[in-house]
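Here's a walk through one model, taken a piece at a time. Keep the viewer open and follow along.

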Amino acid sequence: MSNQEFSHHPTICYRPIQPSDLEVLERIHAEIFPIRYESEFFQSVVHGRDIVSWAAVDRSRPNGQSDELIGFVTARIAMTKEAGIGDLLRYDPSKPDQTLVYILTLGVVETYRNLGIARSLIRQVIKYASSVPTCRAVYLHVISYNVPAIHLYKKMSFKCIRRLQGFYLINGQHYDSFLFVYYVNGGRSPCSPLELFLAVVSYVTSGLKSVAARIRKNEEKTAKWPKCKDTQSLISMQTKRNITTQCTGYEYV
């Protein structure tokens, strides 16, 4: 989609969303999203009630619109154990204060799209999440038909973790959702394909070593303790020496 020709060079700046943004914020959400948001949601955003947010504005915009929203992102902190995606993280039960940042809404008005504004807003969220010591990831849901958004998140190194069947209900019709995750502060998935492969290899190798060790041990016993033909008893090949047996342990992974 091509942008309209601006009569000025846009100067995009970012700031927290504030109470004076309420009307424009509601209008843009209604224009962009097929889902209707309740008034309580917008009140929580503009007053910062358990929601963090950033606004994009064009400081060079004429006619007194230099501080009017042209884009936004809203998010909230969620406890990892309550977010429902703990199986997608290396969640440590001994650290119950671990958190996540969930992106609620992200949007840019049509005339300002393809200028990198959405990308910059997402970076604001990632920067914020990284500054929270207990945070392990940023995550969000994307409706399955929103191809531009899916491409954007993939380009920004978000991992598409799961497809949720019928996650959205819009005008009586169900739509699937993709779950995207961006790990921060050392957070990562429980087991990547490479880690799983290495774990299997390690397990098999350890098992083979254990079997080989037992075979060697049995062979050594047979070699060191031959049967004496005259006395029909077992004697040591190392005559007149004390025999010391050392055990080598093999650990299973």
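How many bridges pair strand β2 with β3, and in which sense do the two strands run? The answer is 6 bridges, in the antiparallel sense, between β2 (residues 52-58) and β3. Before going further, bear in mind that this is a predicted model. Within the β2–β3 pairing, Ala55 sits opposite Phe72 of β3. Hang on to Phe72, since this residue comes back later.

**The sheet**

Zoom out and you'll find β2 and β3 in an open sheet of 7 strands, ordered β1-β2-β3-β4-β5-β7-β6, with mixed pairing. The edges are β1 (12-15) and β6; each has a single partner strand, so one side of each goes without a neighbour in the sheet. Going from one strand to the next, the twist averages 25°. As a general point, side chains in a regular strand alternate between the two faces of the sheet.

Three of the strand pairings can be set side by side, each with one pair of facing residues:

| Strands | Sense | Bridges | Facing residues |
|---|---|---|---|
| β2 (residues 52-58) and β3 | antiparallel | 6 bridges | Ala55 and Phe72 |
| β5 (residues 135-143) and β7 (residues 173-183) | antiparallel | 7 bridges | Ile143 and Ser177 |
| β6 (residues 159-170) and β7 | antiparallel | 8 bridges | Arg162 and Leu179 |

Now look at β7. On one side, 7 bridges tie this strand to β5, with Ser177 standing opposite Ile143. Another 8 bridges connect β7 with β6, where Leu179 is the bridge partner of Arg162. β6 and β7 also make a hairpin with 2 residues between them, and Asn171 in that turn has a positive phi of about 50°.

**The helices**

Which strands does α4 lie across? They are β4 (99-108), β5 and β7, and α4 runs at about 160° to β5.

Helix α4 (residues 147-155) also has a helix partner: its axis comes within 11 Å of that of α3 (residues 117-131), crossing at roughly 50°. That makes α3 and α4 oblique to each other, and their crossing is right-handed. On the α3 side the contact uses Ala118, Arg119 and Ile122, while α4 brings Leu152, Tyr153 and Lys155. Sorted by class, that's 4 nonpolar residues, 2 charged and no polar ones.

The other helix pair is α1 (residues 22-32) with α2 (residues 39-46). Their axes lie 10 Å apart, and the packing angle is about 130°, so α1 and α2 are oblique to each other. Here, too, the crossing is right-handed. From α1, Leu22, Leu25, Glu26 and His29 meet Phe41, Phe42, Gln43, Val45 and Val46 of α2. The class count for this contact is 6 nonpolar, 2 polar and 1 charged.

**Back to Phe72**

The model holds 12 aromatic pairs. One of them joins Phe33 and Phe72 edge-to-face, with 6.3 Å centre to centre and 65° between the planes. Where in the chain do Phe33 and Phe72 come from? Phe33 is in the loop between α1 and α2, and Phe72 is in strand β3 (residues 69-79), so the pair links distant parts of the chain, 39 residues apart. Put that together with the strand pairing: Phe72 stands opposite Ala55 and pairs with the ring of Phe33.

How values were computed:
Residues numbered from 1 in each chain as written. Predicted model: local features only at pLDDT ≥ 70, side-chain atom pairs only at ≥ 80, totals over all residues. Heavy atoms only, no water. Axes fitted to C-alpha atoms, helices over the stretch in contact; angles between N-to-C directions. Helix = DSSP H or I, 4+ residues; strand = E, 2+ residues; numbered from the N terminus. Parallel < 35°, antiparallel > 145°, perpendicular 65-115°, else oblique. Left-handed = near helix turned anticlockwise from the far one by under 90°. Contact = heavy atoms within 4.5 Å. Nonpolar A, V, L, I, M, F, W, Y, C, P; charged D, E, K, R; others polar. Pairing = 2+ DSSP bridges. Phe/Tyr/Trp six-rings, centres within 6.5 Å; stacked < 30°, edge-to-face > 60°.
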